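Biologist: I've got a fold open on my screen and I'd like to learn how to read it. Could you walk me through it?

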Amino acid sequence: MMYVADIQAMAHIQDLGRYGLRRYGIGHAGAMDTLSLRAGNLLLGNPEGAAAVEIALGGMSVSFAHDTPFCITGAVYEAQLDGEPVYSYWRYTARRGQTLKLIRAVQGMYGYLCVYGGFNVPAVLGSRSTDLRAGFGGFEGRCLRKGDEIPLKHRGFEAKHVGIAPPTPSHRIHALPSSEYGAFTRRAHSVLWQNAWTLQSDSNRMGYRFDGETLELETPLEMLSHAVQFGTVQVPPGGKPIILMADTQTTGGYPKIACVAAADLGRLAQIRFGGKIFFKMTTPQGAAQLQRQNQAYLNQIRRIAENAR
């Protein structure tokens, strides 16, 4: 059992999300940065998709009913275990009754608190992820609160202290032209790939809104609603792009100028409010190569964790 002693952040249970249900209007949910979730679980010897706590920017304090191996991945956090510093992307063991305090994210947006075995919340429609809009999944379909007691799947063991360097942050986000790319002006194409885009503070798990030069269509375009996904870059009438994120709706009606490569979605998620990104055009082959690089990183973590048992 993990007890939430204090919390000053939006935090909830997430795994890799729900698949195959969007045709029913059921969103994907899941971690904003799946690479970091996978990394934390592999450090602990868990299945890659085990449920973890996703924390946005702020802090929380928790304690454990049993000795529990844990790690923090994603955003780099200032954190302490009974007053002693702990570091992101390192595996530790919290003793029964010890307090783990996540103070603040010093780099990145979304942190992941992973524990040995994962969190033992019910699977709903094939996933333990919290769907915050629909109010189901995770822990009672909501964000965590002070006083919550979250069940763990397994009692812990004495885990050797081991870690790895976090992924290299990047503000260059690879993307591919999407279905309405040709409906935009040549100037819009140039602006998309050459200019900086600033993340706005009204962004959230549904969509990241960016400010920058206006992206204009050749002629007004009326569209029926169509399927959209995590990473779709839509352009509403105001001409400023919105990148749909993990809690995106299942359909949308704005023109799609691009789609972020799946391998870069985690890096995109870690951009902080006011941060700038640059889009870099890639191809399906280039996107596949980025995925292979991510997988090589995860394979390295798996080897390190296995050798440290």
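Modeller: Sure. Start with what pairing means: two strands count as paired if DSSP finds at least two bridges between them. Keep in mind that this is a predicted model.

Biologist: Okay, and what makes strands pair up in general?

Modeller: Strands of a sheet are held through backbone hydrogen bonds, and they can run parallel or antiparallel. Here, seven strands form a closed barrel in the order 11-18-15-16-13-12-19, and the pairing is mixed. From one strand to the next, the twist averages 40 degrees.

Biologist: Which residues make up strand 12 and strand 13, and how many bridges join them?

Modeller: Strand 12 covers residues 197-199 and strand 13 covers residues 207-211; two bridges join them, and they run antiparallel. If you want a spot to click on, L199 sits opposite F210 of strand 13.

Biologist: Which strands does helix 2 touch?

Modeller: Helix 2, residues 186-194, packs on the sheet and touches strand 11 (172-177), strand 12, strand 18 (256-260) and strand 19 (276-281). Its direction makes about 120 degrees with that of strand 19. On the helix itself, A188, H189, V191, L192 and W193 are buried. The cover over the buried residues of helix 2 includes strands 11, 12, 18 and 19.

Biologist: Now the interior. What's the general idea there?

Modeller: In soluble globular proteins, nonpolar side chains tend to be buried together. In this model the largest nonpolar core has 49 residues, and Y208, L215, I243, I257, L268, I277 and F279 have the most contacts inside it. Helix 1 (residues 34-44) gives the most to this core, with six residues.

Biologist: What does L268 touch, leaving out residues up to four places away in sequence?

Modeller: L268 touches I173, Y208, F210, I243, M245, V260 and I277. There's also a second, separate core of 32 residues, with I13, F70, A94 and F119 among them.

Biologist: Last one: how many disulfides does the structure hold?

Modeller: Zero. To call one, you'd need two cysteine sulfur atoms within 2.5 Å. For C71, the nearest cysteine sulfur is that of C114, 4.7 Å away, and C71 is in no disulfide. C71 is also buried, with a relative accessible area of 0%.

Biologist: And why is there no bond for C143?

Modeller: Because its sulfur is 18 Å from the closest cysteine sulfur, in C114, which is too far for a bond. Is C143 buried or partly exposed? It's partly exposed, at 23% relative accessible area.

Key
Residues numbered from 1 in each chain as written. Predicted model: local features only at pLDDT ≥ 70, side-chain atom pairs only at ≥ 80, totals over all residues. Heavy atoms only, no water. Helix = DSSP H or I, 4+ residues; strand = E, 2+ residues; numbered from the N terminus. Axes fitted to C-alpha atoms, helices over the stretch in contact; angles between N-to-C directions. Contact = heavy atoms within 4.5 Å. Core = buried A, V, L, I, M, F, W, Y, C linked by side-chain atoms within 4.5 Å. Buried < 20%, exposed > 50% of the residue type's maximum accessible area, 1.4 Å probe, protein only.
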